[in-house]
Amino acid sequence: MTRFTLLVILVVFFIGIESIEAQDAKELLQKMDDIMFSPVDKQGNIEIILTDKNGVEKLREATFIQNAKGEKVYRYTKPESQAGIATLSLPDGIMWMYMPAFGKPKKITMLAKSQAFSGTDFAYEDMAMRSYSERYEPVLIESNGGIYHVMNLIPISDKSNYSKIVVYLDKANFYPIRMEFYDKARKKRKESTYKYHKVGEYWNAEKVVMTDLKKQHSTTILLSDVKFNQNIPDEDFTVEKLKPKSAE
Amino acid sequence: MKELASKILKYRWIIIIVVLSITAFLGYQIKNMQINSDVISSLPDDDPDAFLFKKIGQNFGGNKVGMVILEADNIFNNEVLAHVQLITDSLSMMDGISTVTSISNIIDIRGGENGFEVGQLIDEYALPYSQEELDRLKNRVLEKDMYRGVIVSIDETATLIIFTLFDDSDLQEMAGRVKRMTHSLNLPENLYYAGLPMMVGEIADLIAADLIVLLPIAFLVIALVLALSFRTVRGVVLPMLTATIAIIWTLGFMVLGGYEMSMVTNNIPLLLLAVGSAYTIHVINKINQVKENDFRKAMVVAMTYIFIPVALTALTTVVGFISFVFEAYLVMIRDFGIFSALGALVSAFLALFFAPAIMYAFSSKKRKTADHSELSKDSVLSNYLLRPLTKLLFNHPKYTLTTWSLLIILSIGGIFLIERNVDVKDYFQKDSPARKAEEIMIEKFGGSKPIFVLFKGDMQNPEVLNTMLRTEEQIKKDPHVESSQSIANLIVEMNDALGEGRKIPDEQDKVEQLWFLIDGNPILQQLVNDDLDEGLIISKFAADNSDATRKFASDMAQFLEVNSTEDCEIILTGMPFIDLKMNSSLLTSQIRSLSIAIIALIILVGFFMRSLAKGLYATAPIIAAIVILFGVMGVAGIPLNIATVLVASVALGIGVDYSIHVITYFNYSYNGHNLGEALEDTIMVSGKAIFINVVSVSAGFLVLVFSEMVPLQFFGILMALSMVGSGLAALTLLPVILVLVHRKHLTIND
C-alpha cells in the first residue's frame with residue numbers, strides 16, 4: 001500500500017467518523033426536540049417560583065394549555081393582584097394579553113429577544129417555539145460510558161445570546177438532564193436542570209430550574225396535573241377566547 | 001525627672017527592644033490597611049439628611065450605579081453606535097456587573113392601535129446605517145424624556161453607558177476593571193467615568209498615588225533639611241527614625257481598630273513625619289546644647305530639662321488635633337483627629353524615651369569636641385540671622401509689635417473674603433479626567449448630584465402615584481432640574497402605550513395589572529422596594545451654588561408640607577442638601593474646633609507654667625499666625641474645604657510648640673535681671689531648633705503641592721505658611737511681648 005493510498009484511507013476514515021458523529025448528534029438533538037416540543041396538545045397547572053440570591057421567593061401560579069403548533073395560553077391565578085390576567089403566546093413573538101381591569105386584550109409584540117421573560121431567568125430565546133434542531137448545530141462531545149450524551153449546540157444565527165449551549169442528554173430516554181448556557185465571552189452564565197416524568201406515553205418536564213449564575217437568581221417551573229392529547233380546540237388559542245366568559 | 005532620665009538610659013536596651021517589637025507587630029498589621037475613598041460612607045449617621053441619603057443609596061442601589069461617558073462629534077453615527085454597543089456588551093459580560101443600559105440596548109415601548117411593541121431603541125443586530133435610519137433614531141431619542149439628556153446629551157455629542165454593580169461588588173476594584181476593560185478597546189472617542197463607584201475608584205487611586213509618591217519625597221526633603229541643619233548622621237537618622245516608627249504605630253493602630261485610609265486620614269503619615277521629627281529635633285538639639293563632657297551626665301541634664309517642654313508641646317498638639325473629634329461633620333475628619341492625636345502622643349513618647357535610648361546605646365560615652373559643632377553659636381544661622389534678630393527685637397520691640405499689628409489688621413479684612421467649597425469636582429485638578437467627567441455630567445446630563453424624594457405609602461395606589469407625578473412636576477419647575485425618574489412615570493408610559501392616555505389609571509386594579517408587564521425589570525429595584533411600600537423619585541441638580549440649593553429646598557419644603565400625608569409620607573434628600581450642611585458645618589466646625597483648641601491650650605500651657613499669663617503669651621503668636629493664615633486664604637481665594645478646614649487647628653497644635661519652647665527656655669535663662677542675655681540665649685538656642693523645625697516641617701508639607709488632589713495641595717501650602725507664620729511669631733512677636741512685659745525688671749546694665 002502506497003503512502004498516498006494510506007493517507008486517502010485515513011482521511012476518508014476520519015471524515016467518515018466525523019460525518020457519522022454529526023449524523024448521531026443531529027439524530028440525538030431531533031430526539032430531544034421530539035420530547036421537548038410535543039407533537040400533541042397539553043394542559044395543566046404551572047407554578048413559577050423566582051428566588052433571589054438571599055433566598056427570597058416570589059410565586060406566580062397559572063393554568064395553561066398548549067397545542068402542537070406551539071401556541072400557549074396562560075391564565076394567572078396568583079398573586080392575587082394579577083389573578084385573571086391571561087396571555088396568548090404565538091410562535092412569531094406576538095403575545096396577546098388580557099388584563100381584566102382593562103377589559104379587552106392588548107397585543108404585545110416582543111421585539112427584543114435577548115430580554116428576560118417577565119422577570120424570570122429565561123430569555124425570550126430560551127422560550128422560543130422553534131425546535132433546537134432548527135436553531136442550533138449540534139456537536140457530539142461525549143457519548144461513551146455514563147448515563148448521558150454530551151452535546152455542544154452552536155447557534156446557527158449570529159443573533160443568539162449564546163456562544164454555545166452544552167446539553168446533557170439522558171441516554172435512555174433522550175430528554176435533557178442539564179443545559180449550560182455560555183455567553184459570547186464563552187463564560188458559563190446560566191444553567192438549567194430538568195426533571196422528567198412520564199405521563200401516559202409522553203415525557204413531561206415536571207420541574208425545570210433555570211439559574212442565572214451571575215445574578216445568583218433562579219426560576220423554578222413546576223408543572224402539575226399535566227394531561228396530553230386532550231383535543232383542545234384551536235379556537236381556545238384565539239384572542240377572542242382570552243377574555244373569560246364570566247367577564248363578558 | 002532626673003531619675004526618669006537616668007532610668008531611660010539604664011534600661012535603654014529594654015526600651016529599644018520593646019519599641020522595635022511593637023513596631024514589627026504593628027508594621028505587620030499595615031498590610032491589611034484598606035483605602036476607603038467613599039465620601040458617602042463618611043457622612044454622619046446623626047444627620048437625618050445624610051442618614052436617609054445613605055439608606056436610600058443602599059436600599060435602592062443608587063450607590064452602585066456607574067457611568068461610562070462616551071464623547072464624540074456626533075453620537076448618531078454608525079461607527080460611534082457600534083462602539084457604544086461594544087462597551088455595553090463588554091460590560092455586560094463582566095463579573096460583578098448586574099445590568100448595563102445604553103442607547104444600544106435600552107428598551108423602547110411604542111404604542112399601537114391594539115397594543116404596544118416592546119423592543120429596543122436600536123436593533124442590536126442591525127445598527128442604523130443610512131442617514132435616514134440615523135435621523136429616525138435621533139428624532140426618537142430627542143422626543144422622549146426618558147432618553148433626551150438622560151442617555152444622550154441634547155447637543156448629541158455625549159452618551160452614557162450606565163451600569164449597576166451587584167451589592168457585594170467592591171466599588172474600587174470594579175472601577176479599576178471597568179477602566180482597564182474600556183481602555184483595552186482602544187476606541188477613538190473620548191471616554192470618561194462618572195457615578196459613585198468610578199469616583200470612589202478615582203479618589204482611591206489618587207490616595208494611593210499620593211501615599212506612594214509624596215511620602216518618600218517628603219521623607220527625603222525633611223532628611224535633606226535635617227542633614228543641612230545638623231550636619232551629622234544622628235541629626236538626620238534619629239528624627240526620621242522616630243517619625244517613621246510613629247507612622248507605623250499609628251497606621252497599625254488604625255488597622256487594629258478597623259479604620260480605613262480616607263482622603264483626609266491620608267494626610268496622617270505626612271503630618272506625623274513633620275510632627276514626629278520635630279520632638280526628636282528638640283531633644284537632640286537640647287542634648288547637643290549641654291556643655292558637659294560626660295555624655296551620660298549631658299544626657300541626663302538635657303532630658304531633665306526637655307521632658308516637660310516636649311510633653312507639653314505634644315499635649316498641645318493633641319489638643320489641636322483632637323478638637324476635630326467634637327465638631328467635624330464628616331466621619332473621616334473625626335478619624336483624622338483621633339489618629340493624628342494618637343500619632344502625636346506616640347511621637348512624643350518615642351522622642352523622649354526611644355531617641356535618648358538609641359543615642360546613649362550607640363554613642364561613645366565620652367563626648368568628642370566635634371559634637372559641640374552642632375550647638376555652635378557661631379554658625380551662619382546664628383551670626384547672620386538669630387543674633388541680629390535678637391538685637392532688633394530688644395532694641396526696637398515696638399517696631400516689631402507695630403508690624404505684627406498691621407499684618408493682623410490687614411488679615412482680618414481678608415478673613416471676610418474666605419469662600420467655602422465642598423464640591424467634589426473641585427477635589428480634582430482642572431485637566432483631570434474625573435473633573436472633566438463631572439463637568440460633562442453637569443453641562444450635558446443635567447448635573448451629577450442626585451436628589452431623592454422618598455415616598456412612604458402603597459406604591460400601587462393611584463393617589464400615591466399621582467402625588468408622585470405632581471412632586472416631579474414641582475421638582476422640574478426649578479431651572480436646575482432637567483429630568484426625573486419614578487415608578488409613576490413608568491406606569492404613565494405603559495398606560496399610554498396601552499392606549500389609555502398619558503395618566504395614572506384611576507383604579508388600583510389597573511395599576512396592579514400593568515405591574516405584570518414590568519415585574520422583574522431591573523429598573524424596579526431602583527424605584528421601589530420589594531414590599532412596594534416605598535418608592536423613589538430620582539433626579540439630578542445642576543447648580544453648585546448654595547443659594548440655588550437653598551431656594552430649591554425651601555420651595556420643596558412648602559410643597560411637601562401641603563402634600564405629605566399619613567398615607568403618603570414624602571421626604572426629600574440628596575447630595576445638594578448634604579453639601580449645604582457640609583458647607584455650613586465647615587464654618588461652624590472651624591470656629592468651634594479653633595475655640596476649643598485655643599481655650600484648652602491657654603489653660604494647659606498656663607497650668608504647666610503655673611501662670612495663666614504665660615498661657616496667653618504662648619498662644620498669642622500662633623493666634624496671630626492663624627489670623628494671617630485666614631487673611632491669606634481670603635485674599636488668595638483659597639477656599640475652606642474638607643482639607644483646608646484642618647489647617648488652623650493642626651497649625652495651632654503644632655505652632656504653639658514653638659512658643660512653648662521659647663517661653664520654657666526664657667524661664668530657664670531669665671533670673672529677673674538679665675533680660676537681654678536671657679532673650680539672646682533663648683533665641684540663639686530655641687531659635688535654631690525652631691528654625692530647623694519650621695524649614696523641615698514646611699518643606700515636608702510643601703511636597704503636597706504635587707498631590708493629585710486639589711484640597712491637599714492647598715492644605716500643604718497653608719500648613720507651610722502656618723508653620724512659617726507661627727515660627728516667625730514665636731521668634732519675633734513672643735520675645736517682644738516678653739521684653740515689654742519684663743521691661744520693668746530691666747537692670748541698668750540691660
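What pLDDT does chain B average, and what share of the residues score at least 70? Chain B averages 85, and 96% of its residues score at least 70; pLDDT is the predictor's confidence in each residue, from 0 to 100.

This is a predicted model, in which local features need pLDDT of at least 70 and side-chain atom pairs count only at pLDDT 80 or more, while totals for chains, interfaces and linings use all residues. Residues are numbered from 1 along each chain as its sequence is written, and chains are lettered from A and ligands numbered from 1 in the order in which they are written.

**Confidence**

Colour chain B by pLDDT. The mean is lowest, at 74, in strand β4 (residues 115-120) of chain B and highest, at 94, in helix α2 (residues 12-29) of chain B. Helices (H or I, at least four residues) and strands (E, at least two) are DSSP runs, numbered from the N terminus. Next select residues 368-377 of chain B, where pLDDT stays under 50 and the model has nine contacts beyond four places in sequence. Two residues are in contact if their C-beta atoms, placed from the backbone, lie within 7 Å.

Move to chain A, which averages a pLDDT of 83, with 85% of the residues scoring at least 70. Its residues 16-20 have pLDDT below 50 and zero contacts beyond near neighbours in sequence. Where pLDDT is low, the predicted coordinates should not be read in detail.

**Chain A and its side facing chain B**

Show chain A as a cartoon: it has two helices and 13 strands. Of its 248 residues, 27% count as buried (20 or more other C-beta atoms within 10 Å of the residue's own; exposed means 12 or fewer, partly exposed in between; C-beta atoms are placed from the backbone).

Now select the contacts between the chains: 25 residues of chain A touch 22 residues of chain B. On the chain A side, strand β6 (residues 106-110) gives the most, five residues. That side divides into eleven nonpolar, six polar and eight charged residues (nonpolar: Ala, Val, Leu, Ile, Met, Phe, Trp, Tyr, Cys and Pro; charged: Asp, Glu, Lys and Arg; polar: the others, Gly among them). For the complex, the predictor gives an ipTM of 0.79 and a pTM of 0.77.

**Backbone details**

Zoom to Pro79(A), in the loop between β3 (72-78) and β4 (86-89) of chain A. The peptide bond from Lys78(A) to Pro79(A) is cis, with omega near 0°.

Continue to Phe174(A), in the loop between β9 (162-170) and β10 (176-183) of chain A. Phe174(A) is not a glycine, yet has a positive phi of about 65°. It is buried, with 21 other C-beta atoms within 10 Å.

In chain B, select Glu156(B), in the loop between α5 (131-143) and β5 (158-165). Its phi is also positive, near 65°, and Glu156(B) is partly exposed, with 17 other C-beta atoms within 10 Å.

**Helix α19 of chain B**

Finish at α19(B), residues 546-563. Its 18 residues should span 26 Å at 1.5 Å a residue (1.5 Å times one less than the number of residues), and the end C-alpha atoms are 25 Å apart, which agrees. Which residues of α19(B) are buried? They are Thr549(B), Phe552(B) and Met556(B). Seen down the axis, the buried residues fall within an arc of 65°, so they line one face of the helix; the arc is that of the directions from the helix axis to the C-beta atoms. They pack against α15 (462-477), β9 (534-541), β10 (569-574) and α20 (575-608) of chain B. Turn the helix to see the face away from its buried side, with exposed residues including Asp547(B), Ser554(B) and Glu561(B).
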